[in-house]
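Biologist: I should like to learn how to read the contact between two chains. Where does one begin?

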Amino acid sequence: MKEEKTLAERLRERGVTRRGFMKFCAATASMMALSPAMIPRVAAALQQAKRPSVIWLSFQECTGCTESLTRSHAPTIEGLIFDHISLDYHHTLQAAAGDHAEHARDEAMQENWGKYLLVVDGSIPLKDDGIYSTIAGITNLAMLKEVAAGAAAIISVGTCAAFGGLPMARPNPTGAVPVSEIIKDKPIVNVPGCPPIPVVISGVLAHFLMFGRLPELDALNRPKVFFGQSIHDRCYRRPFYDRGQFAETFDDEGARKGWCLFKLGCKGPITYNACATAKWNEGTSFPIEAGHGCIGCSEPGFWDKGGFYDALSKGTYGSAEGIALAAGVGAAIGVAAALGSRSRQAKADRKEEV
Amino acid sequence: MTLLDFARGPALEWSLIIFVAGSLWRLVGALLVRRKRDLSEPRSRSTVAGGIRTVFSRMFPRKEFHSKTLFAVIAGYVLHFGLAITVFLFTPHILFIDGLLGISWPGIPNNLVMFAGVVTIATLVALLIRRMTTPLLKKISSADDYISWVMTLLPVLTGMMAYAHIGGPYQTVLAIHILTVEAMLIWFPFGKLFHAVLWIPSRAQMGAAMQRRGVKA
Amino acid sequence: MSELNSIPVRVEAGPENNHRTENLKPVLLQIENALRELIEHTTETVIDLAAMPFSDQDEHDLRELLGGGEVSATIDAFGPTLVEETAFPGVWLVEHQDAERRRLTLHLEIAPIPTLLVTPRDDLADGLAALKALNDSEAPTEDVQ
């Protein structure tokens, strides 16, 4: 039976006072990069936020996205928001198994048809009729189509669901595709990242809870508020880049001083995510701060964009041998052209002498 | 495949192939062509030295020609130094060459490179105006001259736009920058830009021929 | 593994300690404008320092410039919130933390008193009801320990 308590009521039940609720609203507004002037609106919206039914389908994935979201121990904003949704189906977090679990999913779908949120992590294999990933004997492809039909909106969590991710990397043996390649008639939000930052996942959920719709999206259907700026533009090591101070290896003087990691393959300039501002592990750090270049994990096809340790300005063309071969061919054509020229010249000279 | 993937991948591979093949074709073809036999009595046999001297002696015009050519010569030097700085002293470019050839050298701070870039563009524009307004130059200028000018300007201009994040999403402008460089590489062996290679054998050949006739050219 | 222990370890200060964004001056000007608005139109303003590029060094400089005032308070609701009046009356630094003392956000509030310090009206009604219940059911004083 679905409870119809609002988020505010549930928080009160958990001992969160009115002051605590106001603080929760302030923190949520800040997390979603809303102006503090919006805090009263956030409060009003959360006062009435009902519990949406959420069905979470896990396909070809590593469970990292779920791990990312559930790694907090004390009540956090993400935790509270995540607790508020009615998570009716989730392989890792649900207690039921086997037929019981599938039955629970069917029930949730029927009861909330047209209104539930579908969250997907993992890509969907298409090769050989999709047999490379099945749940309870049903292919991922079939299950996605079935559940998506009654969903209000779909959130593709993680780069695998959003853009294909690791399973889609060359040579893509299972024919993996992202959700958006299969479902064309429902609103889809992509929340990429390998994994995504927890606060980004819950920020999208919070937006849906509060305003009943998905946040503003960019050209790749990612929420602009979290994916609107590149890592490079908000990186604290940017002054070193501008001054031309780069670490050459992972243990040299430059690395110790925290210089720019461009030469060590940082893909910050072409990666759009909130890592440099929201950071990871509740604001502890992010890869660049820990001394490793950004690998571009929230971008499509990041596994196939050249090596993680090759600088961005390096080409991703085939081989130097090919170009050396071209040099040889060019020289050969030159010789042939010259010989042709020379024989014409010789003929002209002979004509002159006669 | 995105535009950037295309620019960094197959477009780069093929433009480099055409660049290398074309350059060697033209260079080898030019060097192996027969020179007209000089039937006069050689006044000097140190033609190699003569050739080398001429490569350097032509680096600055003689006093008599200053009034007509000094602006172009100085602007030319400013342009070439500007190009050298923006192309070879900007760290991401150095890394690209390192990836290609395995050699590298230290770069200079980015703001100095950008300053050089601005100067380069200004000089290019000044030289174009000169070409289009001076009656003599206007008459003798060909499509080759104008195409070579465009092929030189676009990489510098789009490179600075990418750096400053203007003109569109960064990935797109960066891809366009790389594509303009590739266009220049493809054009390079076949137009006036090839002077970058030919100036040495061209001057040397003339210097050697003059040396044989006893003229220090 | 004695060889591992014999490797000398040197802890170096991270580069972030010295990094400044350009946002300190604009924020100070924003506070000035907000204070003017408060005096002329009683409009209260909240500036979210977590929503802009603002480094640790910037925050350190800001706290030094703003100094301390007469009031400091700790609110214990959904984790601690630290409220400090600065040397400029009406300008408050409000740091919201969660139950594990991790920062949620840092606000500058330009108001006679920060919003969270004011008792919510509904809490007043609840308090009255509870106090009335206590007074009404008061047993003889000897039984009250």
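Modeller: One may begin with polar contacts. In this predicted model, eleven residue pairs are in polar contact between chain B and chain A, both residues having pLDDT 80 or more.

Biologist: Which elements of chain B give two or more residues to the side that touches chain A?

Modeller: They are α1 (3–8), α2 (10–32), α5 (91–101), α6 (110–133) and α9 (170–187) of chain B. The most comes from α2(B), which gives eleven residues. Sorted by class, this side of chain B has 20 nonpolar, nine polar and five charged residues.

Biologist: How many salt bridges are counted between chain B and chain A?

Modeller: The count is one salt bridge. A:Lys305 pairs with B:Asp5, and their closest N and O atoms are 3.0 Å apart. That distance qualifies because the cut-off is 4 Å.

Biologist: How many residues does each chain bring to the contact, and what area is buried?

Modeller: Chain B brings 34 residues and chain A brings 39 residues. About 3200 Å² is buried between the two chains, with carbon and sulfur atoms giving 60% of that area. Of the area that chain B buries against chain A, 23% is supplied by B:Arg8, B:Arg34 and B:Leu95, more than by any other three residues.

Biologist: May we also read a single helix? Is α2(A) mostly covered or uncovered?

Modeller: A residue is called buried when its relative accessible area is under 20%. In α2(A), eleven of the 14 residues are buried, including A:Phe21, A:Phe24 and A:Met31, so the helix is mostly covered. This helix, residues 18–31, reaches 20 Å from its first C-alpha to its last, close to the 20 Å expected at 1.5 Å a residue. After α2(A) comes A:Ala33, with a positive phi near 55 degrees.

Conventions:
Residues numbered from 1 in each chain as written. Chains lettered and ligands numbered in written order. Predicted model: local features only at pLDDT ≥ 70, side-chain atom pairs only at ≥ 80, totals over all residues. Heavy atoms only, no water. Contact = heavy atoms within 4.5 Å. Buried area = accessible area lost by both parts, 1.4 Å probe. Salt bridge = Lys/Arg side-chain N within 4 Å of Asp/Glu carboxyl O. Polar contact = N/O pair within 3.5 Å; in protein donor to acceptor, adjacent residues only side chain to side chain. Helix = DSSP H or I, 4+ residues; strand = E, 2+ residues; numbered from the N terminus. Nonpolar A, V, L, I, M, F, W, Y, C, P; charged D, E, K, R; others polar. Expected span 1.5 Å × (residues − 1). Buried < 20%, exposed > 50% of the residue type's maximum accessible area, 1.4 Å probe, protein only.
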